[in-house]
Amino acid sequence: MDKPWLSRYPNDVPENINPDQYPSLVEMFEQSVHKFADQPAFVNMGSVMTFRKLEERSRAFSAYLQNELKLKKGDRVAIMMPNLLQYPVALFGILRAGLIAVNVNPLYTPRELEHQLNDANAKAIVIVSNFANTLEQVVDKTPIKHVVLTSLGQMLPRAKGTVVDFVVKYVKGMVPKYNLPGAISFRQALHKGRRQQYVKPFMSGDDIAFLQYTGGTTGVAKGAILTHRNMIANVLQAKGMYGPVLQEGRELVVTALPLYHVFALTVNCLLFVEMGGQNLLITNPRDIPGFIKELQKYPFTAITGVNTLFNALIHNEDFHELDFRGLRLSVGGGMAVQRAVAEQWKKTTGCLLLEGYGLTECSPLVAAYPYDLEEYNGSIGLPVPGTEVRIVDEEGQPVSDDSTGELQVRGPQVMQGYWQRVEATKEVINQEGWLSTGDIVKFDEDGFLHIVDRKKDMILVSGFNVYPNEIEDVIALHDKVLEVAAIGEANEASGELVKVYIVKSDNSLTKEDVIAHCRTHLTGYKVPKRVEFRDDLPKTNVGKILRRVLREENDAKLTQTAEKTV
């Protein structure tokens, strides 16, 4: 099919990639740890783990899973922790044993955790003690037979780790009481595993590597089946787009997004392991002052994050004092990057913020800015190498490239389907392998893709489509606005009207200021009719603003008002 975007690729970005370059993620891992053995792989709280140590520890954990827990190829093992040195050890230990990793958000409620563990039929879980109380409440109602327990400081040097764990538990009170009889410590598991034999199972690209859960904010969370081949393809696609500005064995990427999130998993963890780079793991990125103190210690060359994280950094005075001379790659994903944030980031760091677009169902990268773009252009970039995209109408029929419609994707990174959900899979992947994204897009004349909005977030004002992204982008340009979210509110006269929620960066901002600003930049029917100021906005754990929560709160208020009126 015609791929108009290829002409915009830089000369050293490949048109295609070979998803069979490595037979499995395990082969990719083994080649890297051999090639970069004594170089740093992961850094956390001042402690460094080399590729050699990562190999030794993950092999020990793999042996423990095989011999002590008697887990068999294809069994599911959950990981529930923030960014710690234990994460890559557990992850690669699970994969090397031929098992399937099930990433779990540590902030899940007991109900959410119970659903995911049951849905995946997970046999074991590796969990940090901070969240053990949540597991205790549901473990008896799940298939979990083995609990491997760790603490925030367990993989740090013993003296430092003891201090960290004491402060976290007794000073900050961040470890609620729990009772998990039979749980074994992660340290003890590694100690046992070192004396046991690791047997490398036969693995192919078709074997499942991850059940990556998605859709929890819009209904029942579903497990996207991501194979070794899916993930390798996406690592190489990311490398195709970003590799020309990166140097093997010489990069340090800031990993503030949690590794259980598929964006950080692929673009930070797997890509930089493949390239011999090191990951600076940030355990609590919400502590911006603490985060910046960590950045002061390391000559970082790459950073990934979501718009809200970049926005928080550029609004911190200490961040502006950092040395950005080595920064070559900044990637924004997970949500739309706003123009005001992108422009301020470039002004502050000298490095363009390259927006990436993807979905969990695509491992996740679908499109990305080419590295040679000189300024923010409002797009999500170009489809990554080896990816086909097309635009379809409401009946699912392809339309011309100059039309607006739903984006469909086909490529080696597209999931196999949803775990044990045949009908849900058929709803999003057709017989020809096209995945429907639910995103409304258009191409510009240079082949760049522009997200117009999510289908379900679209606001209908008097028959006109209004896209929240556009409203938010305009309002974010106002220098007294820190964060903004736009939703539709039911209205008898127009069907819906635009309502915005704003967090101020300057207390003098008024509703009249916001509306006057919007009238300068937007057509009349797009101008917000309601403006509500808040101290903060509801977000996912990775910082993505939850419009759904705002809509639900607003609908509940309207219902209460209507009932009182009656």
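# Close-up views of selected regions

**View 1. Ala490 faces Glu496 of strand 24 across the pairing.** The model shown here, as in every view below, is a predicted one. Strand 24 covers residues 495–504 and is joined to strand 23 by ten bridges, the two strands running antiparallel. Both belong to an open sheet of three strands with mixed pairing, arranged in the order 23-24-25. Strand 23 (481–491) and strand 25 (530–533) occupy the edges; because each has a single partner strand, one side of each is left without a neighbour in the sheet. On average, and with direction ignored, neighbouring strands of this sheet are turned by 25° against each other. Helix 14, formed by residues 468–476, packs on the sheet and touches strand 23 and strand 24. The direction of helix 14 makes about 145° with that of strand 23.

**View 2. Helix 15 lies across strand 24 and strand 25.** This helix spans residues 511–521 and runs at about 130° to strand 25. The UniProt record, an unreviewed entry, places the feature "domain: AMP-binding enzyme C-terminal" at residues 470–544. In the model, 24% of the span 470–544 is helix and 33% is strand. The C-alpha atoms at the two ends of residues 470–544 lie 16 Å apart.

**View 3. Helix 2 and helix 3 cross in a right-handed sense.** The axes of helix 2 and helix 3 (residues 86–96) come within 7 Å and cross at roughly 55°. Since an angle of this value falls in neither the parallel, the antiparallel nor the perpendicular range, helix 2 and helix 3 are therefore oblique to each other. From helix 2, the contact draws on Leu54, Glu55, Arg57, Ser58, Arg59, Phe61, Ser62 and Leu65. From helix 3, the contact draws on Pro88, Val89, Ala90, Phe92, Gly93, Ile94 and Arg96.

**View 4. Glu55 is a buried residue of helix 2.** Helix 2 comprises residues 51–67. The relative accessibility of Glu55 is 16%, and Glu55 therefore counts as buried, the cut-off being under 20%. Leaving aside residues up to four places away in sequence, Glu55 touches Phe29, Val33 and Arg96. Gly223 is 168 residues from Glu55 along the chain, and their C-alpha atoms are separated by 28 Å.

**View 5. Helix 2 also crosses helix 7.** The axes of helix 2 and helix 7 (residues 186–193) come within 7 Å, with a crossing angle of roughly 85°. Helix 2 is therefore roughly perpendicular to helix 7. The residues of helix 2 that make the contact are Arg57, Ala60, Phe61, Ala63 and Tyr64. On helix 7, the contact is made by Phe186, Ala189, Leu190, Lys192 and Gly193.

**View 6. Nine strands form an open sheet with mixed pairing.** The strand order is 2-1-11-10-12-13-14-15-16. At the edges stand strand 2 (47–50) and strand 16 (382–383), each of which pairs on one side only. Strand 1 (residues 40–44) and strand 11 (residues 278–281) run parallel and are joined by two bridges. Within these strands, Val43 is placed opposite Leu280 of strand 11. Helix 11 (residues 307–314) packs on the sheet, where its contacts are with strand 12 (302–305), strand 13 (329–332) and strand 14 (353–358). Relative to the direction of strand 12, that of helix 11 makes about 120°.

**View 7. Strand 14 and strand 15 form a hairpin with six residues between the strands.** The two strands run antiparallel and are joined by three bridges, strand 15 consisting of residues 365–368. Gly358 has Leu365 of strand 15 as its bridge partner. Ser363 of this hairpin takes a positive phi near 70°. Strand 15 also pairs with strand 16 in the antiparallel sense, over two bridges. Ala367 stands opposite Pro383 of strand 16.

**View 8. Helix 9 is largely enclosed by the rest of the structure, because 13 of its 13 residues are buried.** This helix is formed by residues 262–274. Just after helix 9, Gly276 takes a positive phi of about 75°.

**View 9. Lys3 lies in the segment before helix 1 (25–35).** With a relative accessibility of 19%, Lys3 counts as buried. Lys3 touches Asn16, Thr387 and Glu388, residues up to four places away in sequence not being counted. The C-alpha atoms of Lys3 and Asp401 are separated by 10.0 Å, although the two residues are 398 residues apart along the chain.

Conventions:
Residues numbered from 1 in each chain as written. Predicted model: local features only at pLDDT ≥ 70, side-chain atom pairs only at ≥ 80, totals over all residues. Heavy atoms only, no water. Pairing = 2+ DSSP bridges. Helix = DSSP H or I, 4+ residues; strand = E, 2+ residues; numbered from the N terminus. Axes fitted to C-alpha atoms, helices over the stretch in contact; angles between N-to-C directions. Contact = heavy atoms within 4.5 Å. UniProt positions renumbered as here; feature names shortened; annotations may be inferred. Buried < 20%, exposed > 50% of the residue type's maximum accessible area, 1.4 Å probe, protein only. Parallel < 35°, antiparallel > 145°, perpendicular 65-115°, else oblique. Left-handed = near helix turned anticlockwise from the far one by under 90°.
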